[in-house]
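Trainee: Could we go through this model together? I'd like to know what stands behind each label.

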Amino acid sequence: MTQRVVVVKCGGAAGIDEARVCRDVAALVAAGDRVVLVHGGSAAIGDLAGRLGVPLRELVSPGEVTARHTDPATMEIVLLALLGKVKGEILAELGRVGVRAVGLSGLDAGLIRARRKKALRAVIDGRTVVVRDDHSGRIASLDGGLLTTLLDAGLVPVISPPAVAEDGRPVNVNADRVAARAAAELRADVLIMLTAAPGVLADPADEGSLLTDFRLPGEGGTPGHVKGGMAAKLIAAGEALAAGVELVVIADGRAERPALSALAGAGTRVHPPVDLPADRPAPAAPRRRTVPPTQELSPRNR
Ligand SMILES: Nc1ncnc2c1ncn2[C@@H]1O[C@H](COP(=O)(O)OP(=O)(O)OP(=O)(O)O)[C@@H](O)[C@H]1O
Ligand SMILES: [Mg+2]
């Protein structure tokens with residue numbers, strides 16, 4: 001059996017069931033897959049910020065992609081919530097279901113390096129302004145060799161932001177893009193992004209409007225019905241597809257078997273733009289094509 005490389009991104013929004021995601025990671029590992037788990041933590045960040053009285057703000061780019069305004073106080077909250085709370089909970093849960101996992105952020109051995117954004121353009125009250133106190137960055141590199149070493153040792157890497165900037169200090173990066181970059185570096189077979197929605201919806205207010213397939217627009221950007229965190233997710237999906245990841249699925253992290261049902265066809269399968277540029281670089285390594293089914297699912301679990 002060819003071992004699949006599966007990158008699972010567990011969203012941190014309220015409603016996503018980390019324990020179920022961990023149970024599915026255990027099932028994949030037991031079936032022989034090499035699994036990397038990436039997590040966010042928006043609910044935990046919001047909760048901790050509320051308890052400590054730190055106001056959180058969002059920045060909306062002129063392209064309508066939403067990002068966290070990571071001022072110095074927010075960076076402290078991000079570190080405490082992701083590294084101090086969410087990662088510990090996930091590692092404990094993975095341990096309970098028999099998975100040997102190692103928690104990492106971008107700061108560990110320089111796993112994720114980013115270029116600090118000098119100034120951000122954001123739209124506030126309809127006007128484009130420049131924000132200068134933001135500690136966020138663009139991912140420059142992610143050390144796939146370190147992940148391979150851990151996977152070879154039979155371990156499941158559990159990764160989250162922040163990344164480390166040129167000055168050695170942490171900068172926030174979007175966890176979906178961390179997952180996409182990890183999938184790209186590992187030439188993963190599958191990237192599953194689990195969130196608090198059934199997938200990409202035609203109408204974000206209507207959970208019944210799931211699009212089972214979504215083709216990314218060729219000119220970049222996202223259509224009007226995709227907003228906020230989902231717009232960032234589709235950008236990340238596009239990055240993974242452009243790097244040669246064959247299967248990218250956005251699916252419901254609230255489902256009974258979130259990752260297994262995503263592999264069995266639930267959620268939204270994201271497709272690259274039809275008009276790929278002719279000079280699109282080929283994946284550096286040959287693609288594995290054997291993707292064995294991990295587990296049969298009964299219809300009620302789909
Ligand atoms: N067209 C759409 N279809 C589905 N969800 C959408 C759409 N437009 C906006 N959204 C919102 O995007 C959210 C997903 O992104 P969000 O960043 O909130 O979650 P996450 O990435 O899973 O969590 P975290 O950021 O903590 O890792 C959905 O819960 C939904 O509210
Ligand atoms: Mg998000």
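Trainee: What makes you say helix 3 bends at K87?

Mentor: The bend is the angle between axes fitted to the seven residues ending at a residue and the seven starting there. At K87 that angle is about 30°. Keep in mind this is a predicted model, where local features need pLDDT of at least 70, side-chain atom pairs count only at pLDDT 80 or more, and totals for chains, interfaces and linings use all residues. Residues are numbered from 1 along each chain as its sequence is written, and chains are lettered from A and ligands numbered from 1 in the order in which they are written.

Trainee: Why is the span of helix 3 called close to the expected one?

Mentor: The expected span is 1.5 Å times one less than the number of residues. For the 25 residues of helix 3 (72-96) that gives 36 Å, and the helix reaches 35 Å from its first C-alpha to its last, so it comes close.

Trainee: Which residues of helix 3 are called buried?

Mentor: Buried means 20 or more other C-beta atoms, placed from the backbone, within 10 Å of a residue's own. T74, I77, A81 and K87 are among those that qualify in helix 3. The buried residues pack against helix 1, strand 2 and helix 2, among others.

Trainee: What does helix 3 give to the largest nonpolar core?

Mentor: That core is a set of buried Ala, Val, Leu, Ile, Met, Phe, Trp, Tyr and Cys residues joined through C-beta atoms within 7 Å. Of its 82 residues, V25 and L191 touch the most other members. Helix 3 supplies the largest share, eight residues.

Key. Helices (H or I, at least four residues) and strands (E, at least two) are DSSP runs, numbered from the N terminus. A residue is buried if 20 or more other C-beta atoms lie within 10 Å of its own, exposed if 12 or fewer, and partly exposed in between; C-beta atoms are placed from the backbone. Two residues are in contact if their C-beta atoms, placed from the backbone, lie within 7 Å.
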